[in-house]
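Thanks for sending this one over. Here are my notes, point by point, with the cut-offs spelled out as we go.

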Amino acid sequence: MRATLALAGRKLLEEAGAGVTNVVEGEMEDRVFGLIVNEYKDMIHVYVWSLVRDQVAAEDLTQDTFVAAYEAIGKGTEVRSLPAWLRGIARNLAAKAIMRKQRERALMPDAIAVERVVECFDRAELGDTWAERLHALRECRQRLPGHQKRAVNMRYDEGLRVPAIVEKTGWMTATVYQVLWAARKFLKDCVKRRLSGELGTT
Amino acid sequence: MIGPEDRELVGKYLAGDLSREEERLLRDRIQREHGLSEELGSQAGIDALMRFVAGSIGLSEHFRLRLPDQAGRRRLAFLRHVLLPLSVAAGLLLIFYVSSEIAQRPPPELCAEIVEMRGNAELIVPGGHSSPRPGDIVGPGRRLKTGTACRLKLRYPDGTTIGMLAGSSLSLGKHRKAKRIALAGGEVHVNVAEQPPRHPMVISTPHAEVTVLGTRLALSVGPESTRLEVKEGRVKLTRLSDGRSVEVIAGQFAIAAVGVALAAQPVIRDWPQLGCNAQRWNYTPETIKPPFKLAWHRDVFLDFGAEHWIYGAVQVIVGDGRVYIGTKGGTMFAFDAKTGADCWQFKAGGPIIDTAGYANGRVFFTAMDGCVYALDAKTGNLAWKFESGRRFGFSTAVLLAEDKIFAVDRGGALFALSPRDGSQLWQRPYDAEAPVFQSPAHNNGRVFFGGQDMRIHAVDTKTGKRAWRSDQIDGQSLNIYWPVIFKGKVIVRPQNGYEATRGNSFTKRAQWSDISLADKSFVVLDEQTGKEVRDYEHVHAHGWCGPQAPPPVTGDGYLIMPWWPLKHKHKQHWSGPVLYDIEDGTGKVLDELRDGSGIGINSGDEPMIGSILGTTLVWVHAAGFDGNPSNGSGFYDRTQNKWFSRPATPPGTARGRYWENTQAGGCSAVTGAEGYAYHQAYNVVYGLKSE
């Protein structure tokens, strides 16, 4: 099996120090795939979660994504960018899951929205990785203006809901939503600029 | 355009706090506002990453990948690669067959013919588009877009007609028995023949649904609002954001927009006083669309003599088919609103420094002789004259509200008069205890104006007593213009001393160190208490020779202000109008009104003044609508997001006559009524007709 899998996994194996220099068809299939899962499962989970916004469903879909990937690789599917390909599978599965919920129309994933969600994740073609992206995000958080940083801390670190933030800060409800909106926008732009080298790193 | 309500909906979606109704609303907004979908995606992506980084989402510790066994894999492969594609293909074939059958046979009564067309339009069909021609039949599922100079008329077999104005986009819905129209933007004039009672015609827009059984109406769709005006019959307007409805009858209009009261109101065909209404919004609901051509102009200086200078901030008001304007020579002139022909003139006892008012067949104005005048609007004959008996004189506009005339003199005395006989309605005038050069505004039983004590005064209209007096606001003078009362706020723009007060710290947005930005030029007070509201984004705009003009108010609930964005890293030396949202506790720039043409953009240091004619912004460079070589003046059509140039200056007028500086004396905002826009600059009164 699996020249494709072998090629896709070669870099991972090398990075993992597995000492594999000649991965050939049929060899170490599960080992390679296990490394792929370990490398990308968090990213796929967060990606799927951003689409379905449900922990259980996101975990199931992560599972299904890797099963489907395993099947596809078994059929010799050519893979150019592993993370992008995995996200493509996850997106299709998430779309079906949402449709199964029988809402009158699904909010997500709308094609345009999904495109923007994808921009928040790694873009292998541009040479940045999931790990670099998370690192950039953490650094950008430090650059948030004061009131945005405060709102982000309360919302994400302390896990406060908006009414609790309103009570704690004395801001208007609308203000909290506006500030969080602005903060997320800032973070997205900042991460993008940082990864494209426009901003220095700390 | 993405507004604060959209951001709140997205915020709630991300927090999992959307109600079913809000979810429906968000879905609807996404459908209509494509940019929102992109923003939702960006926000959702970052939100998920932030949650992951914070550890609030992630795979559970028990997550273990379960790969299928070999037999299972084979079964799965068979299902995926053989049965599933076959089923999908069969389904698609069936759908294609059914839909093509339906598409090929639309009911003829639901197809419309293009009976008139001028300019370029586009007919969009599934899979392509073409240039339509008169005689073409447009069926359900098709979309028509009119170009910037195009007008197009559709007619159904039952006689129903739809006139599309320039820049409109309209789709015919696929309902089998009733006419369904979707207007994405622009303006249409619809004449609906009688429809079957069970199948009314429904016109939907991004903000509203209009249900019609038979009537004449005009529908105009802007970025944030839909305006319905009914000319005949009765129409139901339903606002999509909350499902509320209102019945609109002939002679009324209603606006569907988030944050604007949904109510049927009489169509205003005049511009009866300074700012058009008592809140001084500089707004008329009548949409008067660009482009304009010059219909007439009257040079009062040349025609009537050198004493007839017109002060800079005086507005041309319109009532009963005439325009009225007073001069420093003390004469009130009335011209025919359509032709500019002389109607009458009346000589008062002193210079007329500010804008007149029109109500119920009478023209009211103040003069420097300390008197308030009421004239018969048809004849110009004196109806009554109120003599204040004070030596100060009046240099502000009259205020018409609550069936009363309010006027404040230069000594700070505010009078309330009966429009019938000019009698005083309060025992004593309100005394501001300071000189007053700013015209008053009115809302909710109070009159508001600023004094030279740099305080805003709020006076109870029943008693003539002070409701509140604000703390002193920053700035040097409140010497011209007026407060704007909007969304529970009193908005004033003081003269702020361009260079005189270096180092003021209230420069939230601006950080340009080359020039000190000095004081605030934009002050917001709470209408109830007079306390200053400070939690808003300050918009800088400066004038060398006087205060900035107060912002006009749009029909969908925003302010438009000039903004000199010195805070930009490139230190741009321009200013242009921005859409500004003033919310409770916040206030911010939403959008810059630019289309790349350069119109509307000014050098940055000179005042600009705006008026809103329905969905049209008229933006005037303080140095004169026709008298300045800059490109700062123009018309902005909010339904097309496009600027239009002002008409050419008539030979021999305006240009070069700078002996009356309209910057220091204030700048006149354009007014409009019955398809015309009016303006005065350098003693010339202009009538511009919408083409």
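**Notes on the model**

1. Let me start with one side chain: B:K12 counts as buried, at 16% relative accessibility (buried is under 20% relative accessible area, exposed over 50%, partly exposed in between, with a 1.4 Å probe and protein chains only). Its salt-bridge partner is B:E8, with 3.9 Å from N to O (a salt bridge is a side-chain nitrogen of Lys or Arg within 4 Å of a carboxyl oxygen of Asp or Glu). B:E8 is partly exposed at 21%. The two are four residues apart in helix α1 of chain B, so about one helical turn separates them (helices are DSSP runs of H or I with at least four residues, strands are runs of E with at least two, and both are numbered from the N terminus).

2. A word on the ground rules. This is a predicted model, in which local features need pLDDT of at least 70 and side-chain atom pairs count only at pLDDT 80 or more, while totals for chains, interfaces and linings use all residues. Residues are numbered from 1 along each chain as its sequence is written, chains are lettered from A and ligands numbered from 1 in the order in which they are written, and side-chain values use heavy atoms, leaving out hydrogens and water.

3. Two further salt bridges involve helix α2 of chain B. B:D6 and B:R29 meet at 2.8 Å, N to O; B:D6 lies in helix α1 (residues 4-15) and B:R29 in helix α2 (residues 20-32), so the pair ties together parts that are 23 residues apart in sequence. B:D6 is buried at 4%, and B:R29 is buried at 12%. Within helix α2, B:R24 and B:E21 come to 3.1 Å between their closest N and O atoms. B:R24 is partly exposed at 29%, as is B:E21 at 37%. Over all chains, the search finds 29 salt bridges.

4. What does the contact between the chains involve? It takes 55 residues from chain A and 55 residues from chain B (contact means heavy atoms within 4.5 Å). Together the two chains bury about 5,500 Å², 64% of it on carbon and sulfur atoms (buried area is the accessible area, with a 1.4 Å probe, that two parts lose on being put together, summed over both). Three salt bridges cross this interface. B:E39 and A:K185 form a salt bridge too, with the closest N and O atoms 2.9 Å apart.

5. Chain B comes to five helices and 48 strands, and 60% of its 691 residues are buried. Of its contacts with a separation of 6 or more, 53% are between residues 24 or more positions apart.

6. For the sheets, look at the open one with the order β28-β29-β30-β31 in chain B, paired antiparallel (two strands pair if DSSP finds at least two bridges between them). Strands β28 (399-401) and β31 (430-431) stand at the edges with a single partner each, so one side of each has no neighbour in the sheet. Four bridges link β29 (residues 404-408) and β30 (residues 413-417), and B:V408 has B:L414 as its bridge partner.

7. A hairpin worth a look is the one formed by β22(B) and β23(B), with five residues between the strands. B:G340 in its turn has a positive phi of about 80°. The strands run antiparallel over five bridges, with B:T331 partnered by B:K347.

8. How many aromatic pairs does the search find over all chains? There are 23 (rings of Phe, Tyr and Trp, the last by its six-membered ring, pair if their centres lie within 6.5 Å; planes under 30 degrees apart count as stacked, over 60 as edge-to-face and the rest as tilted). The rings of B:F522 and B:Y580 have centres 5.5 Å apart and planes at 85°, so this pair is edge-to-face. B:F522 sits in the loop between β37 and β38 and B:Y580 in strand β40, 58 residues apart. Both are buried at 0%, B:F522 and B:Y580 alike.

9. Lastly, B:P290 lies in the loop between β18 and β19 of chain B and is buried at 7%. Leaving aside residues up to four places away in sequence, B:P290 touches B:T616, B:F635, B:D637 and B:F644. Its C-alpha atom is 9.9 Å from that of B:L688, 398 residues apart along the chain.
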